[in-house]
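Colleague: I am new to this structure and would like a close look at a single part of it. Could you pick the places where the backbone is worth a second glance, and then walk me through their surroundings?

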Amino acid sequence: MSEFEPCTLVDPSSDLTATFVPSAGMIGTSLSDGGVELLGQRKGLQAYVSDHKTMGIPLLYPWANRLSGKDYRVGDTEVTLTPGTGGVHTDEHGAPIHGTLAGDPGWRMTEQSASTVTAELDFGSRPELLASFPFPHLLSLEVTLSNRTLTVRTTVTATTGAGVPLCFGFHPYLQLPGVPRDQWRIETPPMRARLVDAHGIPTGETSELPKTSEVLGEQVFDDGFDEVPAGAAFAVSGGGRRVEVHFDHGYPAAQIFAPATEEVICFEPMAAPTDALRRGGYRMARPGEPGVAQFSIRVR
């Protein structure tokens with residue numbers, strides 16, 4: 001496969017198409033409804049690969065969002081992260097953010113059809129990745145487009161006797177072209193808000209959030225949540241179109257991101273809350289018991 005060769009899926013029942021790029025970290029770069037692009041393109045694919053500037057639907061792996069420090073412990077294994085090494089990068093405050101696989105070229109496509117693509121990455125074969133996350137495993141993504149629904153299924157299979165922490169997530173940048181941001185209606189399920197400090201790190205304080213439906217207006221979001229019910233749906237609608245993100249299973253946490261400076265909103269499925277890799281509270285993929293999580297995006 002040549003560099004950045006896209007794989008475009010076609011929904012057999014509609015005008016919906018989706019594009020993923022295995023050689024650029026298995027990122028989703030397009031979700032188009034009859035030629036209307038529903039994913040924020042931001043600075044584009046090249047900036048994602050070279051500078052970790054997210055766009056489309058990037059995978060955040062092996063942790064999503066920020067960590068409160070550059071070390072963590074899993075059982076008897078202690079790890080120190082080195083920014084700039086093994087894919088580790090940091091935010092403006094120096095916090096390790098969004099894992100180590102941004103734009104990674106090591107994915108191998110294992111199946112492709114008109115509406116499905118599956119790719120895998122052998123994490124355990126990569127010493128530079130194991131330096132930051134020393135838990136050998138096989139990572140697989142299966143992406144399917146059918147019935148106006150994009151489904152992304154992630155499977156983590158331990159390849160040694162060690163379990164693998166499940167703290168990853170995805171960051172879908174949704175947009176409604178032609179509809180002003182302040183007119184978008186957003187809907188969220190009941191869940192628990194995790195309050196953060198000025199650097200986006202959870203303080204430990206929480207508050208219950210009921211199911212909501214409201215106009216986005218001038219609101220700005222960069223907020224984390226947990227206790228998201230299995231099967232919960234988030235949605236943004238306007239201009240006769242509705243885009244839903246369903247946390248089908250394996251995603252009990254979420255981040256909502258809607259900056260003031262861009263016409264995008266993100267409902268981010270997370271396998272564990274922000275900073276869980278340091279604080280605990282995550283599931284493990286055990287030998288013989290793969291960790292599986294799935295979310296889907298439905299366009300109505």
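Modeller: Happy to. A residue counts as buried when its relative accessible area is under 20%, as exposed when that value is over 50%, and as partly exposed in between. Please keep in mind that this is a predicted model.

Let us start with Arg148, which sits in the loop between strand S10 (137–146) and strand S11 (149–158). Its relative accessibility is 24%, so Arg148 counts as partly exposed. Its phi is near 60°, a positive value in a residue other than glycine. As background, most residues other than glycine have a negative phi, and most peptide bonds are trans.

The two strands beside Arg148 belong to a wider arrangement. S10 and S11 are part of an open sheet of nine strands with antiparallel pairing, in the order S8-S9-S10-S11-S25-S21-S20-S15-S18. Strand S8 (108–112) and strand S18 (212–215) are at the edges with a single partner strand each, so one side of each has no neighbour in the sheet. On average, and with direction ignored, neighbouring strands of this sheet are turned by 15° against each other. At the S8 end, four bridges join S8 to strand S9 (residues 116–122), and the two run antiparallel. One example is Arg108, whose bridge partner in S9 is Glu120.

Now move to the loop between strands S5 and S6, where Asn65 is found. Asn65 has a phi near 65°, again a positive value in a residue other than glycine. Here the accessibility gives another result: at 3%, which is under the 20% limit, Asn65 counts as buried. Pro62 also lies in the loop between S5 and S6 (71–74). The peptide bond that leads from Tyr61 to Pro62 is cis, with omega near 5°.

What surrounds this loop? Asn65 helps to line the largest cavity, together with Arg66, Arg194, Val196, Gly200, Pro202, Asp222, Gly224, Gln255 and Thr274. That cavity holds about 50 Å³ of space. Strand S16 (191–196) and strand S19 (221–226) each provide at least two of its lining residues. By class, the lining has two nonpolar, five polar and three charged residues.

Arg66 takes us on to the largest pocket, where about 600 Å³ of space lies. Of the 30 residues that line this pocket, Arg66 is among the closest to its centre, along with Thr54, Asp91, Ile97 and His98. Helix H1 (45–51), strand S5 (59–60) and strand S22 (253–258) are the elements that give two or more residues to its lining. The lining is made up of nine nonpolar, 11 polar and 10 charged residues.

Tyr61, at the start of the cis bond, leads in one more direction. Ring pairs link Tyr61 into a cluster with Phe123, Phe133, Phe135, Phe168, Phe170, Phe234, Phe247, Tyr251, Phe267 and Phe295. The model has 12 aromatic pairs. In one of these, Phe133 and Phe135 meet edge-to-face, 4.9 Å centre to centre and with 70° between the planes. Both Phe133 and Phe135 are buried.

To retrace the walk, look for partly exposed Arg148 and buried Asn65, then the cis bond from Tyr61 to Pro62.

Key. Residues numbered from 1 in each chain as written. Predicted model: local features only at pLDDT ≥ 70, side-chain atom pairs only at ≥ 80, totals over all residues. Heavy atoms only, no water. 1 Å grid on protein atoms, 1.4 Å probe; cavity = no way out; pocket = protein on both sides within 12 Å on 5 of 7 lines; lining within 4 Å. Points joined across faces, edges and corners; volume = space filled by probe spheres on them. Nonpolar A, V, L, I, M, F, W, Y, C, P; charged D, E, K, R; others polar. Phe/Tyr/Trp six-rings, centres within 6.5 Å; stacked < 30°, edge-to-face > 60°. Buried < 20%, exposed > 50% of the residue type's maximum accessible area, 1.4 Å probe, protein only. Pairing = 2+ DSSP bridges. Axes fitted to C-alpha atoms, helices over the stretch in contact; angles between N-to-C directions.
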